[in-house]
Amino acid sequence: MDVTETKTASPPTERPVRQLLAASVGNAVEWYDWYAYTFLATYIAAQVFPKSADNSLVPLLSTFAVFAVGFFMRPVGGLLMGAVADRHGRRAALTVTILLMGGSSLLVGLTPTYAAVGVLAPVVLVLARLLQGLSVGGEFAASTTFLVESAGPGRRGLFSSFQYVSTTVGQLVASGIATLLVDTLSDGQMNGWGWRVPFLLGAVLSLVGFWIRQGAQETRSAEQQRAPRPGLFEALRRHPRESLLIGGITAGGTIAYYTWTSYLPTYAELNAGVEKSDALLAGTISLAFFALLQPLGGLLSDRFGRRPLLLFFGLGFALLAVPLLHTLRDSFAVLLLVQCAGMVLLTGFTSISAAVNAEVFPPRVRAAGIGFPYSLTVALFGGTAPYVGTLFKEQGHAGLFPWYVAVICLVSSVVYLRLPETAHAPLRR
């Protein structure tokens, strides 16, 4: 093994709070752009895809299919931008990803309607989502590595939690703006131009994130900067076990995360008759609650270890996903309670995901090693969750979707049981 893979050292950053700000603000902007699509899916469906006389769910299914297509570019982004981070530095990769996201968000906002240009409209939308997927896949790989390498001793869990604090802030802003637009604009205005506003705003915010990231300090050690550059597939070739481990850790977490934070408002509309505005408001409140929980989860993992929190999440969802989703009915209070209960369980995974992933790989291939298997697993299970849930509904088997979530969380729990504890070991540098 290369000596640079076993060397430990003090964190290279002297101002960790500034590092947190650089990573978090940019990450929030990235995820705001990504999630705006989900919250406005029904409006995009009506404008960009042709309507079916036989089934009103066809445009929505098409919109969620494009949502899933974007996810399948994330492994490519994780691999390519992870390689940039490992070869040229974490900051360089973070700069590229936020510029990509700004451009793709602008493209979504300018997508023409199907009525205006026909099949070209969904083609433009697919292209924009492919670019967004490339950006988000690279963002997670680079920002995960950047955050954990910026942390001081005994604080990797806490710093890790800001990955989802900032992700949730971005999602919260997207949800809040979508709620505001739905509540203040007429249906005609929303379908005409209102749904475009969040994406055009996202393009502007990306420039702000780019500016902030210029002040970040590189976390790749001097030894790694002098070492030969790793090959594009070196992480997969030299660390196949670790790559599979990332997939097992992530599968349950990603399907629970995207079900509870993205798809649940639509799921509640389709299966419980909840009003659109109520579903969006409940989602916004529960996301704020979720963001507040993340640092607590990170601190607990620094004190008691990563594995107890992962098992709390995995076994909790395996046992409670079905009863929680079956509890939903046409009630704002019930929907909010179900969402918040899921957020508590989900914190066991999200608050420490970045730390757990970074502790698996050596620094030479850490970003690419995390980025590809993580993003591939997210694409397979997280990105398809809205489509699978809607498809179950269309086929008349909506009750199967909660079982689908529970089973995958149970599988990940088996992985957590066998996972070595890394919370109190020094991070390899």
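**Exercise 1. Work out whether the length of helix α8 in this predicted model agrees with what its residue count leads you to expect.**

*Solution.* Start with the count: α8 has 29 residues. At 1.5 Å a residue, they should span 42 Å. Now take the two end C-alpha atoms, which are 42 Å apart, so the two values agree. Keep in mind that this is a predicted model, not an experimental one.

**Exercise 2. Decide how far α8 is enclosed by the rest of the structure.**

*Solution.* Count the buried residues, where buried means under 20% relative accessible area. In α8, 21 of the 29 residues pass that test, so the helix is largely enclosed by the rest of the structure. Val165 is a residue of α8 to try this on. Its relative accessibility is 15%, so Val165 counts as buried.

Next, look at what touches Val165. Skipping neighbours within four places in sequence, its contacts are Ala291, Gln294 and Pro295. Val165 also shows how the chain folds back on itself: Ser351 is 186 residues away in sequence, yet the two C-alpha atoms are 8.2 Å apart.

**Exercise 3. Find how α8 and α14 are oriented relative to each other.**

*Solution.* First pick out the two helices: α8 covers residues 156-184 and α14 covers residues 276-304. Their axes come within 8 Å and cross at roughly 170°. Angles over 145 degrees count as roughly antiparallel, and α8 and α14 are therefore roughly antiparallel to each other. As for what makes up the contact, there are 14 nonpolar, 13 polar and three charged residues.

Now zoom in on Leu281, which sits in α14. At 37% relative accessibility, Leu281 counts as partly exposed. Apart from neighbours within four places in sequence, it is in contact with Thr179 and Phe332. Pro265 lies 16 residues from Leu281 along the sequence, and their C-alpha atoms are 9.0 Å apart.

**Exercise 4. Describe the surroundings of Asn27.**

*Solution.* Begin with its address: Asn27 belongs to helix α1, residues 16-39. Then check accessibility: at 1%, Asn27 counts as buried. Finally, list its contacts, leaving out neighbours within four places in sequence. They are Glu139, Ser143, Gln163, Ser166, Thr167 and Arg213.

**Exercise 5. Compare sequence separation with distance in space for two buried residues, Ser150 and Phe49.**

*Solution.* Take Ser150 to begin with. It is in helix α7, residues 120-150, and its relative accessible area is 3%, so it is buried. Going along the sequence, Arg220 is 70 residues from Ser150, but C-alpha to C-alpha they are 9.6 Å apart.

Now for Phe49. This residue is in the loop between α2 (41-48) and α3 (58-72), and it is buried at 9% relative accessible area. Its partner here is Tyr114, 65 residues along the chain, with 5.9 Å between the C-alpha atoms.

**Exercise 6. Build a picture of helix α20, from its length to what covers it.**

*Solution.* Length comes before anything else. With 18 residues, α20 reaches 26 Å from its first C-alpha to its last, close to the 26 Å expected.

Next, find the buried residues. They are Phe401, Pro402, Val405, Ala406, Ile408, Cys409, Ser412, Ser413 and Tyr416. What covers them includes α13 (240-272), α15 (306-327), α16 (332-350), α18 (366-382) and α19.

Ser412 makes a handy close-up, at 1% relative accessible area. Beyond its neighbours within four places in sequence, Ser412 is in contact with Gly248, Ile249, Ala251 and Gly252.

One of the covering elements, α19, spans residues 385-394 and has buried residues of its own: Ala385, Pro386, Val388, Gly389 and Thr390. Just after α19 comes Gly396, with a positive phi of about 85°.

**Exercise 7. Explain why Cys340 and Cys409 do not form a disulfide.**

*Solution.* A disulfide needs two cysteine sulfur atoms within 2.5 Å. For Cys340, the closest cysteine sulfur is in Cys409, 18 Å away, which is too far for a bond. Starting from Cys409 leads back to Cys340, at 18 Å. The disulfide count for the structure is zero.

To finish, check where the two residues sit. Cys340 is buried, with a relative accessible area of 18%. Cys409 is buried too, at 0%.

Methods. Residues are numbered from 1 along each chain as its sequence is written. This is a predicted model: local features need pLDDT of at least 70, side-chain atom pairs count only at pLDDT 80 or more; totals for chains, interfaces and linings use all residues. Side-chain values use heavy atoms; hydrogens and water are left out. Axes are lines fitted to C-alpha atoms, for helices over the stretch in contact, and angles run from 0 to 180 degrees between N-to-C directions. Helices (H or I, at least four residues) and strands (E, at least two) are DSSP runs, numbered from the N terminus. Angles under 35 degrees count as roughly parallel, over 145 as roughly antiparallel, 65 to 115 as roughly perpendicular and the rest as oblique. Ala, Val, Leu, Ile, Met, Phe, Trp, Tyr, Cys and Pro count as nonpolar, Asp, Glu, Lys and Arg as charged, and the others, Gly among them, as polar. Buried means under 20% relative accessible area, exposed over 50%, partly exposed in between (1.4 Å probe, protein chains only). Contact means heavy atoms within 4.5 Å. The expected span of a helix is 1.5 Å times one less than its number of residues.
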